[in-house]
Amino acid sequence: MTLKNTDDRWGAVSQLFHWVIVALILVMAYIGLTMGDLPNGPRKINIYALHKSIGLTILALVVLRVLWRVYAGAPAPVPGTPTWQQRIASVTHFLLYALLFAIPLSGWVLNSSAGYPLQWFKLFNLPAITGRSDGVHEAAEGAHELLFWVLVALVVAHAGAALYHHLFQGDTTLTRMLPGRRKAPTPAPVAAPASSSPTPQDSPDENP
Ligand code: HEM
(Lines give C-alpha, C1' and ligand atoms only; values in the text may rest on other atoms or scores of the structure.)
Protein backbone atom coordinates (compact mmCIF):
# COMPACT_ATOMS: atom_id res chain seq x y z
CA MET A 1 0.00 0.00 0.00
CA THR A 2 1.30 3.46 -0.87
CA LEU A 3 1.27 6.51 1.40
CA LYS A 4 -0.47 8.61 -1.24
CA ASN A 5 -3.92 7.95 -2.65
CA THR A 6 -3.97 6.21 -6.02
CA ASP A 7 -6.67 6.22 -8.67
CA ASP A 8 -8.33 3.11 -7.21
CA ARG A 9 -7.69 3.21 -3.44
CA TRP A 10 -6.99 5.39 -0.42
CA GLY A 11 -3.35 5.49 0.67
CA ALA A 12 -2.04 4.84 4.19
CA VAL A 13 -2.07 8.49 5.29
CA SER A 14 -5.72 9.12 4.32
CA GLN A 15 -6.74 5.82 5.92
CA LEU A 16 -4.90 6.67 9.13
CA PHE A 17 -6.57 10.11 9.31
CA HIS A 18 -9.99 8.56 8.62
CA TRP A 19 -9.87 5.81 11.24
CA VAL A 20 -8.03 7.78 13.96
CA ILE A 21 -10.63 10.56 13.66
CA VAL A 22 -13.47 7.98 13.75
CA ALA A 23 -12.01 6.47 16.96
CA LEU A 24 -11.55 9.91 18.57
CA ILE A 25 -15.12 10.89 17.69
CA LEU A 26 -16.47 7.74 19.34
CA VAL A 27 -14.48 8.54 22.50
CA MET A 28 -15.69 12.16 22.37
CA ALA A 29 -19.31 11.13 21.91
CA TYR A 30 -19.10 8.92 25.01
CA ILE A 31 -17.35 11.60 27.11
CA GLY A 32 -19.58 14.42 25.84
CA LEU A 33 -22.82 12.56 26.54
CA THR A 34 -21.84 11.43 30.05
CA MET A 35 -19.64 14.19 31.54
CA GLY A 36 -22.54 16.51 32.41
CA ASP A 37 -23.95 13.94 34.86
CA LEU A 38 -20.70 13.53 36.82
CA PRO A 39 -20.70 14.80 40.41
CA ASN A 40 -18.88 18.11 40.81
CA GLY A 41 -15.25 17.73 41.81
CA PRO A 42 -11.71 17.35 40.45
CA ARG A 43 -12.63 14.27 38.35
CA LYS A 44 -15.34 16.19 36.51
CA ILE A 45 -12.92 19.07 35.85
CA ASN A 46 -10.35 16.62 34.46
CA ILE A 47 -12.91 14.90 32.21
CA TYR A 48 -14.06 18.27 30.81
CA ALA A 49 -10.40 19.18 30.20
CA LEU A 50 -9.89 15.85 28.40
CA HIS A 51 -12.97 16.50 26.23
CA LYS A 52 -11.56 19.88 25.22
CA SER A 53 -8.06 18.51 24.53
CA ILE A 54 -9.35 15.68 22.33
CA GLY A 55 -11.65 18.15 20.54
CA LEU A 56 -8.69 20.42 19.76
CA THR A 57 -6.76 17.36 18.56
CA ILE A 58 -9.60 16.45 16.18
CA LEU A 59 -9.62 20.04 14.87
CA ALA A 60 -5.85 19.92 14.19
CA LEU A 61 -6.13 16.47 12.56
CA VAL A 62 -8.95 17.67 10.31
CA VAL A 63 -6.88 20.65 9.14
CA LEU A 64 -4.00 18.26 8.30
CA ARG A 65 -6.41 15.78 6.71
CA VAL A 66 -7.91 18.39 4.40
CA LEU A 67 -4.43 19.66 3.42
CA TRP A 68 -3.38 16.07 2.67
CA ARG A 69 -6.60 15.53 0.67
CA VAL A 70 -5.81 18.60 -1.46
CA TYR A 71 -2.21 17.40 -1.98
CA ALA A 72 -2.88 13.67 -2.50
CA GLY A 73 -6.26 13.88 -4.28
CA ALA A 74 -8.87 11.13 -4.03
CA PRO A 75 -9.47 7.85 -5.84
CA ALA A 76 -11.88 7.88 -8.78
CA PRO A 77 -15.42 6.69 -7.98
CA VAL A 78 -15.73 2.91 -7.75
CA PRO A 79 -16.57 1.70 -11.29
CA GLY A 80 -20.28 1.11 -11.77
CA THR A 81 -21.39 3.65 -9.12
CA PRO A 82 -24.33 5.64 -10.56
CA THR A 83 -23.81 9.40 -10.88
CA TRP A 84 -26.59 10.20 -8.38
CA GLN A 85 -24.84 8.08 -5.74
CA GLN A 86 -21.52 9.81 -6.48
CA ARG A 87 -23.21 13.20 -6.00
CA ILE A 88 -24.81 12.18 -2.69
CA ALA A 89 -21.45 10.77 -1.51
CA SER A 90 -19.63 14.02 -2.42
CA VAL A 91 -22.20 16.19 -0.60
CA THR A 92 -22.09 13.86 2.44
CA HIS A 93 -18.29 13.92 2.53
CA PHE A 94 -18.26 17.71 2.26
CA LEU A 95 -20.78 18.00 5.13
CA LEU A 96 -18.79 15.55 7.26
CA TYR A 97 -15.66 17.70 6.81
CA ALA A 98 -17.66 20.86 7.56
CA LEU A 99 -19.01 19.31 10.79
CA LEU A 100 -15.56 18.11 11.82
CA PHE A 101 -14.52 21.78 11.76
CA ALA A 102 -17.73 23.27 13.09
CA ILE A 103 -18.17 21.03 16.15
CA PRO A 104 -14.76 21.69 17.76
CA LEU A 105 -14.92 25.38 16.79
CA SER A 106 -18.37 25.78 18.37
CA GLY A 107 -16.92 24.10 21.49
CA TRP A 108 -14.06 26.62 21.49
CA VAL A 109 -16.53 29.53 21.14
CA LEU A 110 -18.65 28.04 23.94
CA ASN A 111 -15.62 27.75 26.20
CA SER A 112 -14.36 31.26 25.38
CA SER A 113 -17.73 32.95 25.81
CA ALA A 114 -18.07 31.35 29.26
CA GLY A 115 -14.64 32.72 30.19
CA TYR A 116 -13.14 29.29 30.88
CA PRO A 117 -9.42 28.68 30.30
CA LEU A 118 -8.37 26.32 27.51
CA GLN A 119 -5.36 24.01 27.65
CA TRP A 120 -4.16 21.20 25.42
CA PHE A 121 -3.42 18.17 27.64
CA LYS A 122 -2.03 20.53 30.33
CA LEU A 123 0.86 21.30 27.96
CA PHE A 124 0.01 24.79 26.67
CA ASN A 125 -2.77 27.38 26.78
CA LEU A 126 -4.87 28.45 23.85
CA PRO A 127 -6.41 31.92 23.52
CA ALA A 128 -10.10 32.77 23.77
CA ILE A 129 -11.68 33.25 20.34
CA THR A 130 -14.62 35.33 21.58
CA GLY A 131 -15.19 37.66 24.51
CA ARG A 132 -17.37 36.69 27.48
CA SER A 133 -21.04 36.77 26.60
CA ASP A 134 -24.05 34.89 27.95
CA GLY A 135 -25.88 35.17 24.62
CA VAL A 136 -22.97 33.78 22.60
CA HIS A 137 -22.43 31.09 25.21
CA GLU A 138 -26.04 29.91 24.98
CA ALA A 139 -26.05 29.97 21.16
CA ALA A 140 -22.72 28.09 20.95
CA GLU A 141 -23.91 25.49 23.45
CA GLY A 142 -27.06 24.85 21.39
CA ALA A 143 -25.07 24.73 18.14
CA HIS A 144 -22.42 22.38 19.58
CA GLU A 145 -25.06 19.84 20.62
CA LEU A 146 -27.22 20.20 17.49
CA LEU A 147 -24.23 19.82 15.17
CA PHE A 148 -23.19 16.69 17.05
CA TRP A 149 -26.59 15.07 16.39
CA VAL A 150 -26.43 16.09 12.72
CA LEU A 151 -23.01 14.41 12.60
CA VAL A 152 -24.48 11.25 14.17
CA ALA A 153 -27.22 11.13 11.50
CA LEU A 154 -24.75 11.67 8.66
CA VAL A 155 -22.31 9.10 10.03
CA VAL A 156 -25.08 6.50 10.27
CA ALA A 157 -26.02 7.15 6.63
CA HIS A 158 -22.36 7.24 5.54
CA ALA A 159 -21.32 4.04 7.34
CA GLY A 160 -24.55 2.35 6.24
CA ALA A 161 -23.79 3.20 2.62
CA ALA A 162 -20.23 1.85 2.94
CA LEU A 163 -21.52 -1.40 4.48
CA TYR A 164 -24.29 -1.68 1.85
CA HIS A 165 -21.70 -1.39 -0.92
CA HIS A 166 -19.55 -4.02 0.74
CA LEU A 167 -22.25 -6.54 1.63
CA PHE A 168 -24.77 -6.16 -1.18
CA GLN A 169 -22.93 -4.58 -4.13
CA GLY A 170 -19.74 -6.55 -3.50
CA ASP A 171 -17.58 -3.62 -4.68
CA THR A 172 -14.38 -2.10 -3.26
CA THR A 173 -15.91 1.03 -1.66
CA LEU A 174 -15.18 -0.15 1.90
CA THR A 175 -12.06 -2.27 1.34
CA ARG A 176 -10.20 0.56 -0.40
CA MET A 177 -10.49 2.53 2.87
CA LEU A 178 -9.03 -0.41 4.85
CA PRO A 179 -5.35 -1.34 5.22
CA GLY A 180 -3.79 -4.32 3.46
CA ARG A 181 -3.50 -5.46 -0.11
CA ARG A 182 -7.12 -6.20 -0.84
CA LYS A 183 -8.27 -7.66 -4.11
CA ALA A 184 -11.12 -6.25 -6.16
CA PRO A 185 -14.08 -8.64 -6.36
CA THR A 186 -13.05 -11.64 -8.49
CA PRO A 187 -14.52 -11.56 -12.00
CA ALA A 188 -16.61 -14.57 -13.07
CA PRO A 189 -14.32 -17.43 -14.21
CA VAL A 190 -13.94 -17.88 -17.96
CA ALA A 191 -14.20 -21.52 -19.16
CA ALA A 192 -10.93 -22.80 -20.70
CA PRO A 193 -11.21 -24.09 -24.31
CA ALA A 194 -11.41 -27.94 -24.36
CA SER A 195 -8.37 -28.32 -26.65
CA SER A 196 -6.07 -26.07 -24.65
CA SER A 197 -2.61 -27.49 -24.14
CA PRO A 198 0.13 -26.16 -21.85
CA THR A 199 1.99 -23.20 -23.28
CA PRO A 200 5.71 -22.59 -22.61
CA GLN A 201 4.66 -19.94 -19.98
CA ASP A 202 2.81 -22.65 -18.01
CA SER A 203 5.96 -24.66 -17.43
CA PRO A 204 8.20 -23.47 -14.60
CA ASP A 205 11.13 -25.30 -16.19
CA GLU A 206 11.02 -23.16 -19.25
CA ASN A 207 10.66 -19.90 -17.27
CA PRO A 208 13.66 -19.75 -14.99
C1 HEM B 1 -17.16 9.66 12.85
C2 HEM B 1 -17.35 8.88 11.86
C3 HEM B 1 -16.92 9.14 10.44
C4 HEM B 1 -16.54 10.30 9.81
C5 HEM B 1 -16.50 11.68 10.41
C6 HEM B 1 -16.19 9.96 8.45
C7 HEM B 1 -15.77 10.87 7.50
C8 HEM B 1 -15.43 10.56 6.19
C9 HEM B 1 -15.09 11.50 5.16
C10 HEM B 1 -15.04 13.02 5.36
C11 HEM B 1 -14.82 10.82 4.03
C12 HEM B 1 -14.49 11.42 2.67
C13 HEM B 1 -13.07 11.27 2.28
C14 HEM B 1 -12.79 12.22 1.13
O15 HEM B 1 -13.44 12.15 0.08
O16 HEM B 1 -11.89 13.03 1.32
C17 HEM B 1 -14.97 9.42 4.32
C18 HEM B 1 -14.76 8.38 3.43
C19 HEM B 1 -15.07 7.06 3.69
N20 HEM B 1 -15.59 6.55 4.86
FE21 HEM B 1 -15.99 7.55 6.55
N22 HEM B 1 -16.35 8.61 8.28
C23 HEM B 1 -16.80 8.08 9.46
C24 HEM B 1 -17.11 6.77 9.73
C25 HEM B 1 -17.04 5.73 8.80
C26 HEM B 1 -17.42 4.36 9.06
C27 HEM B 1 -17.94 3.82 10.40
C28 HEM B 1 -17.20 3.68 7.89
C29 HEM B 1 -17.42 2.23 7.57
C30 HEM B 1 -18.32 1.45 8.10
C31 HEM B 1 -16.68 4.62 6.91
C32 HEM B 1 -16.32 4.32 5.63
C33 HEM B 1 -15.78 5.19 4.70
C34 HEM B 1 -15.36 4.81 3.38
C35 HEM B 1 -15.41 3.42 2.78
C36 HEM B 1 -14.92 5.98 2.73
C37 HEM B 1 -14.36 6.11 1.31
C38 HEM B 1 -15.48 6.37 0.34
C39 HEM B 1 -14.94 6.41 -1.10
O40 HEM B 1 -13.94 5.79 -1.40
O41 HEM B 1 -15.56 7.12 -1.92
N42 HEM B 1 -16.61 5.85 7.50
N43 HEM B 1 -15.36 9.28 5.63
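**Exercise 1. Contacts of Leu-3**

Task: Determine which residues Leu-3 touches, not counting residues up to four places away in sequence, and decide whether Leu-3 counts as buried or exposed.

Solution. Once residues up to four places away in sequence are set aside, Leu-3 touches Gly-11, Ala-12 and Val-13 in this predicted model. The next step is to place the residue, and Leu-3 is found in the segment before H1. For the pair Leu-3 and Val-13, the separation is 10 residues in sequence, while the C-alpha to C-alpha distance is 5.5 Å. The last step is the neighbour count: Leu-3 has 12 C-beta neighbours inside 10 Å and therefore counts as exposed, since a residue is exposed if 12 or fewer other C-beta atoms lie within that distance.

**Exercise 2. Element order and annotated spans**

Task: State how many helices and strands the chain has, and work out what the secondary structure is over residues 12–33 and residues 146–167.

Solution. The chain comes to four helices and two strands, and from the N terminus on these elements run α-α-α-β-β-α. The unreviewed UniProt entry carries the annotation "transmembrane region" for residues 12–33, 45–68, 88–110 and 146–167. Taking one of these spans, residues 12–33 are 100% helix and 0% strand in the model, with the end C-alpha atoms 31 Å apart. For residues 146–167 the model again gives 100% helix and 0% strand, and the end C-alpha atoms lie 31 Å apart.

**Exercise 3. The largest nonpolar core**

Task: Identify which residues form the largest nonpolar core and which element gives the most to this core.

Solution. The largest nonpolar core has eight residues, namely Ile-25, Met-28, Ile-58, Val-62, Leu-99, Leu-100, Ile-103 and Leu-151. Two or more of its residues come from each of H1, helix H2 (42–72) and H3, and H3 gives the most, with three residues. To look at one member in detail, Met-28 touches His-51, Ile-54 and Gly-55, when residues up to four places away in sequence are not counted. For the chain as a whole, 14% of the 208 residues count as buried, and residues 24 or more positions apart account for 64% of the contacts with a separation of 6 or more.

A residue of H3 outside this list can be treated in the same manner. Leu-105 has its place in helix H3 and counts as partly exposed because it has 17 C-beta neighbours inside 10 Å. Leu-105 and Leu-56 are 49 residues apart in sequence, and their C-alpha atoms are 8.5 Å apart in space.

**Exercise 4. The shell around the ligand**

Task: Establish which residues come nearest to the ligand and how many nonpolar, polar and charged residues the shell has.

Solution. There are 21 residues around the ligand, and of these His-93, Leu-96, Ala-159, Ala-162 and Met-177 come nearest. The elements that give two or more residues to this shell are helix H1 (12–34), helix H3 (83–113) and helix H4 (134–169). Sorted by class, the shell has 15 nonpolar, four polar and two charged residues.

**Exercise 5. Strand E1 and the loop after it**

Task: Find where Gln-119 is placed, and state what the phi values of Phe-121 and Lys-122 are.

Solution. Gln-119 is placed in strand E1 and is partly exposed because 13 other C-beta atoms lie within 10 Å. Apart from neighbours within four places in sequence, Gln-119 is in contact with Ala-49, Phe-124 and Asn-125. Gln-119 and Lys-52 are 67 residues apart along the chain, and their C-alpha atoms are separated by 7.8 Å.

The loop between strand E1 (119–120) and strand E2 (124–125) holds Phe-121, and Lys-122 is likewise found in the loop between E1 and E2. Most residues other than glycine have a negative phi. Phe-121, however, has a positive phi of about 45° although it is not a glycine, and phi of Lys-122 is near 55°, again a positive value. With 12 C-beta neighbours inside 10 Å, Phe-121 counts as exposed, and Lys-122, with 9 such neighbours, counts as exposed too.

**Exercise 6. Confidence along the chain**

Task: State what the mean pLDDT of the chain is and where the pLDDT is below 50.

Solution. The mean pLDDT is 90, and 87% of the residues of the chain reach 70 or more. Over residues 194–208 the pLDDT is below 50, and this stretch has three contacts in the model beyond near neighbours in sequence.

Technical notes. Residues are numbered from 1 along each chain as its sequence is written. This is a predicted model: local features need pLDDT of at least 70, side-chain atom pairs count only at pLDDT 80 or more; totals for chains, interfaces and linings use all residues. A residue is near a molecule or strand if its C-beta atom, placed from the backbone, lies within 6 Å of it. Ala, Val, Leu, Ile, Met, Phe, Trp, Tyr, Cys and Pro count as nonpolar, Asp, Glu, Lys and Arg as charged, and the others, Gly among them, as polar. A residue is buried if 20 or more other C-beta atoms lie within 10 Å of its own, exposed if 12 or fewer, and partly exposed in between; C-beta atoms are placed from the backbone. Two residues are in contact if their C-beta atoms, placed from the backbone, lie within 7 Å. UniProt positions are given in the numbering used here, feature names are shortened, and annotations may be inferred rather than shown by experiment. A nonpolar core is a set of buried Ala, Val, Leu, Ile, Met, Phe, Trp, Tyr and Cys residues joined through C-beta atoms within 7 Å. pLDDT is the predictor's confidence in each residue, from 0 to 100.
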